[in-house]
Amino acid sequence: MSLDRDNLSFILEGIKQVKFEDRPVPEIIDRHDVLVNVKYTGVCGSDVHYWEHGSIGQFVVREPMVLGHESSGIISQVGASVKTLKVGDRVALEPGIPCRRCEPCKSGKYNLCIDMAFAATPPYDGTLAKYYRLPEDFCYKLPETMSLQEGALMEPLGVAVHIVKQGGVTPGSSVVVFGSGPVGLLCCAVAKAFGASKIIAVDIQQTRLDFAKKYTATSTFMPDKVSSEENAIRMKEENDLGPGADVVIDASGAEPSVHTGIHVLKTGGTYVQGGMGRSEITFPIMAACTKELNVKGSFRYGSGDYKLGIELVSTGRIDVKALITGEVKFEDAENAIKDVKMGKGIKTLIAGI
Ligand SMILES: [Zn+2]
Ligand SMILES: [Zn+2]
């Protein structure tokens with residue numbers, strides 16, 4: 001396949017049907033827009049889910065859609081009013097453009113915008129193309145010390161920063177993180193950077209737990225096939241958690257994790273749902289009520305999350321390189337999706353053109 005085309009894009013047409021197509025190069029529309037030559041894109045569970053099922057919840061792929069949203073790149077064009085970036089700058093892309101006018105936007109929670117245009121969420125095209133257009137304030141210049149590969153990890157790191165902030169993790173906190181995929185691992189890393197003293201990684205795969213322990217978790221926990229209450233009791237005992245953990249983060253979306261998480265929290269503890277699994281599950285509502293738990297959601301990232309992620313990486317407090325376990329050429333994008341589907345490695349990057 002020749003890559004020598006204007007804006008070659010990796011497109012999902014239908015379930016497990018992809019193609020490469022030369023799309024028009026996006027034009028600078030707003031004076032604050034920039035055009036980015038995309039250099040690296042991480043494969044996300046959501047890309048795999050759209051490829052496999054053609055939808056996520058109410059988001060259904062009805063028209064061919066460019067996949068990808070975890071990207072970094074180089075600025076190739078800037079609008080007339082752009083002041084913070086210039087051609088040649090290396091940037092991490094924050095791939096969701098809020099309306100800036102709705103009530104959540106105006107109250108500062110633009111991640112909850114009611115009219116968000118988010119990359120690779122139908123009907124909006126993603127970043128797996130040669131070029132992608134964004135407003136300048138959604139491109140974050142990478143410090144000299146950071147590579148473009150690390151830049152592509154700022155999207156999942158932004159998700160993790162937002163989750164850990166939602167959890168209110170402070171120095172000395174005990175934190176349990178369910179799920180040791182990329183976001184769960186990054187939550188462990190952010191919790192460590194925030195000063196948590198106990199970080200317990202929970203997963204049902206020993207290889208993932210081994211990695212989590214080597215990475216940033218202070219201990220790991222493999223659930224037994226017993227009740228969630230019994231697993232919670234063993235977790236408290238093994239980790240000397242006394243009355244329970246301060247913060248629980250679910251980055252798995254699995255129902256048993258939610259149950260165990262609620263039971264392992266101390267009274268007044270905070271539970272954050274970060275993982276997306278089935279849309280409805282049973283929930284230990286009595287425990288949540290009588291322990292006066294703070295139960296919160298977490299969705300994407302908001303103001304300051306990318307900035308903090310970049311600072312934590314560029315100052316050496318978080319290592320994202322360790323999570324990059326594969327890199328494929330642009331023309332092999334579908335193989336990268338299949339690898340992630342089969343659970344190969346932790347984070348696979350697709351190189352740009
Ligand atoms: Zn993602
Ligand atoms: Zn809005």
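## The loop around Glu27

Between strands β2 (17-22) and β3 (33-42) of this structure runs a loop that contains Glu27. The model is predicted, and the descriptions below should be read accordingly. Glu27 has 10 other C-beta atoms within 10 Å and is therefore exposed, given that a residue with 12 or fewer such neighbours falls in that class. In sequence, Glu27 and Gln77 are separated by 50 residues, whereas their C-alpha atoms are 9.4 Å apart in space.

## Overall dimensions and content

The chain comprises 11 helices and 20 strands. Its C-alpha trace extends over about 60 × 40 × 35 Å along the principal axes. A compact globule of 353 residues would have a radius of gyration near 20 Å, and the chain agrees with this expectation because its own value is 20 Å.

Of the 353 residues in the chain, 48% are buried. Contacts across long stretches of sequence are also a feature of the chain: among those between residues at least 6 apart in sequence, 68% join residues at least 24 apart.

## Domain organisation

The chain is divided into two parts, with domain 1 formed by residues 8-153 + 320-351 and domain 2 by residues 158-297. Taken over C-alpha atoms, the centres of domain 1 and domain 2 are 29 Å from each other. Six residues from domain 1 and five residues from domain 2 make up the contact between them. On the domain 1 side, the residues touching domain 2 are three nonpolar, one polar and two charged.

An unreviewed UniProt entry assigns the feature "domain: Enoyl reductase (ER)" to residues 14-350. In the model, that span is 29% helix and 26% strand, and the C-alpha atoms at its two ends lie 21 Å apart.

## Helix α4

Helix α4 covers residues 154-166, and at 1.5 Å a residue its 13 residues should span 18 Å; the end C-alpha atoms are 18 Å apart, so the model agrees with the expected length. The helix is largely enclosed by the rest of the structure, because 12 of its 13 residues are buried. These buried residues are Met154, Glu155, Pro156, Leu157, Gly158, Val159, Ala160, Val161, His162, Ile163, Val164 and Gln166. Gly168, with a positive phi near 65°, follows α4.

Pro156 belongs to this helix. It is classed as buried because 25 C-beta neighbours lie inside 10 Å, where 20 or more are required. When neighbours within four places in sequence are left aside, the contacts of Pro156 are Gly42, Glu70, Pro182, Val183 and Leu186. The C-alpha atom of Pro156 is also separated by 10.0 Å from that of Val320, a residue 164 positions away along the chain.

## Helix α10

Helix α10, residues 305-314, is likewise largely enclosed by the rest of the structure, since seven of its 10 residues are buried. The residues concerned are Asp305, Tyr306, Leu308, Gly309, Ile310, Leu312 and Val313. An α-helix has 3.6 residues a turn, so residues three or four places apart point the same way.

The cover over the buried residues of α10 includes strands β8 (90-93) and β12 (139-141), together with helices α3 (148-152), α4 and α5 (182-193). Helix α4 thus appears again here, as part of the cover of α10. After α10 comes Gly316, whose phi is positive and near 80°.

## Backbone features in loops

A cis peptide bond, with omega about 5°, joins Pro122 and Pro123. Pro123 is located in the loop between β10 (117-118) and β11 (131-135).

Two residues other than glycine are noted for a positive phi. Lys16 has a phi near 55° and is placed in the loop between β1 (8-14) and β2. With 14 C-beta neighbours inside 10 Å, Lys16 is therefore partly exposed. Arg100, which is not a glycine either, has a positive phi of about 70°; it lies in the loop between β9 (96-97) and α2 (103-106). Arg100 counts as exposed because it has 11 C-beta neighbours inside 10 Å.

Methods: Residues are numbered from 1 along each chain as its sequence is written. Chains are lettered from A and ligands numbered from 1 in the order in which they are written. This is a predicted model: local features need pLDDT of at least 70, side-chain atom pairs count only at pLDDT 80 or more; totals for chains, interfaces and linings use all residues. Domain bounds come from an automatic or database domain assignment. Two residues are in contact if their C-beta atoms, placed from the backbone, lie within 7 Å. Ala, Val, Leu, Ile, Met, Phe, Trp, Tyr, Cys and Pro count as nonpolar, Asp, Glu, Lys and Arg as charged, and the others, Gly among them, as polar. UniProt positions are given in the numbering used here, feature names are shortened, and annotations may be inferred rather than shown by experiment. Helices (H or I, at least four residues) and strands (E, at least two) are DSSP runs, numbered from the N terminus. The radius of gyration is taken over C-alpha atoms; the globule rule is 2.2 Å times the number of residues to the power 0.38. The expected span of a helix is 1.5 Å times one less than its number of residues.
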